[in-house]
Amino acid sequence: MFLFQLLENIWNLFFVMTKESNENIQSYDISLFKRGDLLEVPRTLFTHFGIYLGDNKVAHLIPDILPALTNDSNAIKEMVTNVRLILGVISKVASVRVDTVEDFAYGSEILINHMDQVCSRPPLSGEEVARRAEKLVGTTGYSLLWNNCEHFVMYCRYGTAISFQTFQFCKNVRKIVCSKKGVLFTAVLGLASILSLGMAPYTTIPAALVPFTLWMAS
């Protein structure tokens with residue numbers, strides 16, 4: 001815990017990102033939300049998702065290192081700071097937790113059931129959605145691509161754990177990696193490794209096989 005506190009103090013000292021200023025905190029009309037609604041909060045680099053449970057409460061999956069370090073429920077219930085979140089991503093530890101709408105949104109605009117427009121499956125009943133979310137509350141594993149907040153809400157609302165953000169990311173990476181320039185770069189890198197490490201099988205085989213596979217896939 002000492003190391004965690006030290007990291008958090010350093011982060012606060014240099015970046016001052018753990019709390020929004022009072023000017024940026026919005027008030028939300030919770031009368032617009034129904035139990036089981038899928039709430040979507042656009043961020044700068046990604047979108048965060050949660051399930052509205054009613055009574056100003058939102059269940060959402062968020063990376064958090066603290067549950068792996070302590071059993072102090074009062075400390076864990078506090079709003080997840082950036083340090084806790086980043087260390088959770090690195091260590092692949094997360095929790096499905098219940099926060100207020102304000103803490104969940106973190107000052108951003110909230111979209112309601114926007115995923116209904118892009119998901120081919122119809123949503124489950126609001127009560128079933130909320131019940132699924134409540135059942136999953138607690139510590140869980142985390143993967144930026146394969147088990148994130150979008151997988152959680154998609155399972156709760158539509159019964160299938162998928163992520164459109166992951167799909168788009170993988171699609172963009174494939175365009176870069178499998179492009180002709182990407183293949184050429186990989187081939188040059190492989191040739192450089194052969195010249196620097198010699199013609200050993202553990203260098204020549206990957207150096208030839210990887211560019212060839214990428215070329216055939218491009």
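User: Before we start, what counts as buried, partly exposed or exposed here?

Analyst: Buried is under 20% relative accessible area, exposed is over 50%, and partly exposed is in between, with a 1.4 Å probe and protein chains only. This is a predicted model, where local features need pLDDT of at least 70, side-chain atom pairs count only at pLDDT 80 or more, and totals for chains, interfaces and linings use all residues. Residues are numbered from 1 along each chain as its sequence is written, and side-chain values use heavy atoms, with hydrogens and water left out.

User: Okay, so why is Glu-128 called partly exposed?

Analyst: Glu-128 has 23% relative accessibility, and partly exposed covers the range between 20% and 50%. So partly exposed is the label for Glu-128.

User: And what makes Arg-132 and Glu-128 a salt bridge?

Analyst: The rule asks for a side-chain nitrogen of Lys or Arg within 4 Å of a carboxyl oxygen of Asp or Glu. The closest N and O atoms of Arg-132 and Glu-128 are 3.0 Å apart, so the pair passes. Arg-132 itself counts as buried, at 18% relative accessibility.

User: Why are Arg-132 and Glu-128 about one helical turn apart?

Analyst: They sit four residues apart in helix α5, so about one turn separates them. An α-helix has 3.6 residues a turn, so residues three or four places apart point the same way. Helices here are DSSP runs of H or I with at least four residues, strands are runs of E with at least two, and both are numbered from the N terminus. On that basis the protein chain has nine helices and six strands.

User: How do you know that Glu-127 and Arg-35 tie together parts distant in sequence?

Analyst: Their side chains form a salt bridge at 2.9 Å, N to O. Glu-127 lies in helix α5 (residues 126-135) and Arg-35 in the loop between α1 (2-14) and β1 (38-42), so the bridge joins parts 92 residues apart in sequence. Both ends are partly exposed: Glu-127 at 49% and Arg-35 at 29%. Together with Glu-134, they're linked in a network of salt bridges.

User: What makes Asp-64 and Arg-84 buried?

Analyst: Asp-64 has a relative accessible area of 0% and Arg-84 comes in at 3%, so buried fits both. They form a salt bridge too, with the closest N and O atoms 2.7 Å apart. That pair links the loop between β3 (57-63) and α2 (73-77) to helix α3, 20 residues apart. The salt bridge count comes to seven.

User: Why is Ser-27 called exposed?

Analyst: Ser-27 has 70% relative accessibility, so the label is exposed. Ser-27 is in the loop between α1 and β1. The C-alpha atoms of Ser-27 and Glu-102 are separated by 7.2 Å, though the two residues are 75 apart along the chain.

User: What makes α6 mostly covered?

Analyst: Nine of the 10 residues of α6 (149-158) are buried, including Phe-152, Val-153 and Met-154. At the N-terminal end Asn-148 acts as a cap, with a side-chain oxygen 2.9 Å from the backbone nitrogen of Glu-150. After α6 comes Gly-159, with a positive phi near 85°.

User: How much of the protein chain counts as buried?

Analyst: 38% of the 218 residues do.

Key
A polar contact is a pair of N or O atoms within 3.5 Å; within protein, one must be able to donate a hydrogen and the other to accept it, and residues adjacent in sequence count only if both atoms are side-chain atoms.
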